[in-house]
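Colleague: I am new to this structure and would like to learn how to read its features. Could you take me through a few?

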Amino acid sequence: METGLILLNIAIMLVLIAVLFYMKRKNISFSKRVFTSLALGILFGFVLQYAYEPESVALSTSIDWFNIVGSGYVKFLQMIVMPLVFISILSAFTKLKLSKNIGKISVLIIGILVGTTAVAAIVGIATTLVFDLEAVQIDQGDAETARATELEERYGTIEGKTLPNQILDLVPSNPFLDFTGARPTSTISVVIFAAFLGIAYLGVRRKNPEQAYQIASIVDSLYTIIMRVVTLILRLTPYGVLAIMTKTVALSDIDAIAKLGKFVGASYVALAIMFGIHLLLLTFSGLSPIKYIQKSFPVLAFAFTSRTSAGALPITIKTQKQLGVPDGIANFAGSFGLSIGQNGCAGIYPAMLAVMIAPTVGQDPLDPSFLATLVLVVAISSFGVAGVGGGATFAALLVLSAMNLPVGLAGLLISVEPLIDMGRTAVNVSGSMTSGILTSKVTNELDKEEYNSATNSLEVEA
């Protein structure tokens with residue numbers, strides 16, 4: 001019986017994949033296929049949610065098979081992240097796109113990322129206070145208790161990390177290790193390593209133009225290959241989104257979401273406000289927020305479903321280019337945004353948790369000195385937050401420990417964590433792209449015609 005149900009579920013998934021493939025053969029636009037896959041995934045996920053119990057063997061086995069498509073797609077994206085970051089930054093130097101403004105560009109991008117994270121912390125604090133959220137309102141079951149124990153053990157690995165320690169973590173002592181993504185700060189370390197090589201290239205070009213030309217040719221060839229791989233992977237997006245969304249909806253704990261609806265609702269209100277702030281920043285800089293929404297929606301939808309900023313990096317960079325951001329700035333903003341100043345995971349979430357937990361230790365969450373310290377700690381702690389699942393937890397541990405609050409209580413929302421994390425990841429990616437656009441505007445390198453064009457950010461057929 002179980003085997004028959006598993007085969008039925010797999011057959012339905014294959015039919016849906018075939019529908020998406022048929023749409024491709026009919027030359028239906030890439031974005032429409034992505035949105036169709038999103039809708040089909042939600043629908044199929046609800047069907048599975050209704051048809052099976054959460055502990056059903058047929059459901060879990062079916063999801064395992066779906067993961068070949070969904071998780072496999074995300075792994076392909078993660079596979080290309082480090083090569084893409086490295087070769088894109090190095091290529092920006094060989095193509096003379098960063099040689100003059102590298103310092104200014106880096107400072108602007110990091111400043112915008114950290115500044116918006118501080119604003120995100122304020123938004124998270126205000127939302128928590130308005131909704132009157134407190135940790136004592138949440139019942140601690142077995143899942144929450146187990147999560148608390150896990151977080152306390154993880155806290156032991158980062159306890160005592162000072163700001164100088166966090167800054168040192170950004171420096172690549174072993175770039176080959178960082179190419180494996182072994183550390184939360186690996187992406188930034190690869191950026192720094194590539195920038196050093198780029199600066200060295202500029203020196204070689206001054207002293208030996210002939211050798212520099214050969215180096216530039218090799219880098220350009222590698223860049224072309226890597227971008228071709230990115231294009232091949234992005235063509236799989238509709239199928240990946242279908243499988244990921246099906247899994248997410250099918251395995252969502254509806255009872256927990258209903259029970260913690262107030263916390264989920266407050267989180268999404270805060271995330272929506274922060275996204276609105278991104279749009280306001282673009283508006284104040286003289287850019288159309290409507291165009292931004294139109295072109296960024298596909299990548300934000302992918303970030304929402306996949307819950308990985310790192311996996312979304314290739315699409316994030318491509319979207320920025322379609323918004324008129326030059327290659328170098330797009331790659332710097334996308335790369336820095338993976339580990340610095342994530343507005344959702346490192347800004348809103350830790351701030352909300354801190355305000356919720358503060359009363360449990362007798363701390364008045366309305367105390368101005370507490371709130372000011374919290375915003376500062378959130379901004380500083382936003383350095384080195386990994387752009388993959390679990391980054392928000394890492395940020396929360398850093399903030400709660402710095403504020404002398406019990407880290408174990410960060411596990412209170414474990415049952416609705418995936419649902420909240422979807423919105424957080426989308427806001428992270430939006431913040432990263434916003435920093436790239438604003439930096440390009442300030443440095444007068446933004447192509448406004450491209451920004452206002454009708455080109456869609458996910459047309460990857462070529």
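Colleague: Let me begin with two rings: are Tyr73 and Phe302 buried or exposed?

Modeller: Tyr73 is buried, and Phe302 is buried too. Buried means under 20% relative accessible area, exposed means over 50%, and partly exposed is in between, with a 1.4 Å probe and protein chains only. Before we go on, this is a predicted model, where local features need pLDDT of at least 70 and side-chain atom pairs count only at pLDDT 80 or more, while totals for chains, interfaces and linings use all residues. Residues are numbered from 1 along each chain as its sequence is written, and side-chain values use heavy atoms, leaving out hydrogens and water.

Colleague: How many aromatic pairs does a search of the whole structure find?

Modeller: A pair of aromatic rings is described by the distance of the centres and the angle of the planes. Rings of Phe, Tyr and Trp (its six-membered ring) pair if their centres lie within 6.5 Å; planes under 30 degrees apart are stacked, over 60 edge-to-face, and the rest tilted. Here the search finds eight pairs. One of them joins Tyr73 and Phe302, edge-to-face, at 5.5 Å centre to centre with 85° between the planes.

Colleague: Why does that pair tie together parts that are 229 residues apart in sequence?

Modeller: Because Tyr73 lies in helix 3 and Phe302 in helix 13 (residues 289-306). Helices here are DSSP runs of H or I, at least four residues, numbered from the N terminus.

Colleague: Which residues form an aromatic cluster with Phe86?

Modeller: Phe179 and Phe193 join Phe86 in one cluster. Phe179 and Phe193 also make an edge-to-face pair, 6.4 Å centre to centre and 85° between the planes. Phe179 is partly exposed, at 29% relative accessible area, and Phe193 is partly exposed at 25%.

Colleague: Which residues touch the most other members of the largest nonpolar core?

Modeller: A nonpolar core is a set of buried Ala, Val, Leu, Ile, Met, Phe, Trp, Tyr and Cys residues joined through side-chain atoms within 4.5 Å. The largest one has 92 residues, and Ile109, Tyr292, Phe336, Leu374 and Ile437 touch the most other members. Helix 3 (residues 57-94) gives the largest share of this core, twelve residues.

Colleague: What does Leu374 touch, not counting residues up to four places away in sequence?

Modeller: Contact means heavy atoms within 4.5 Å. Leu374 touches Ile125, Ala351, Ala354, Val355, Val399 and Met403, with those sequence neighbours left out.

How values were computed
Helices (H or I, at least four residues) and strands (E, at least two) are DSSP runs, numbered from the N terminus.
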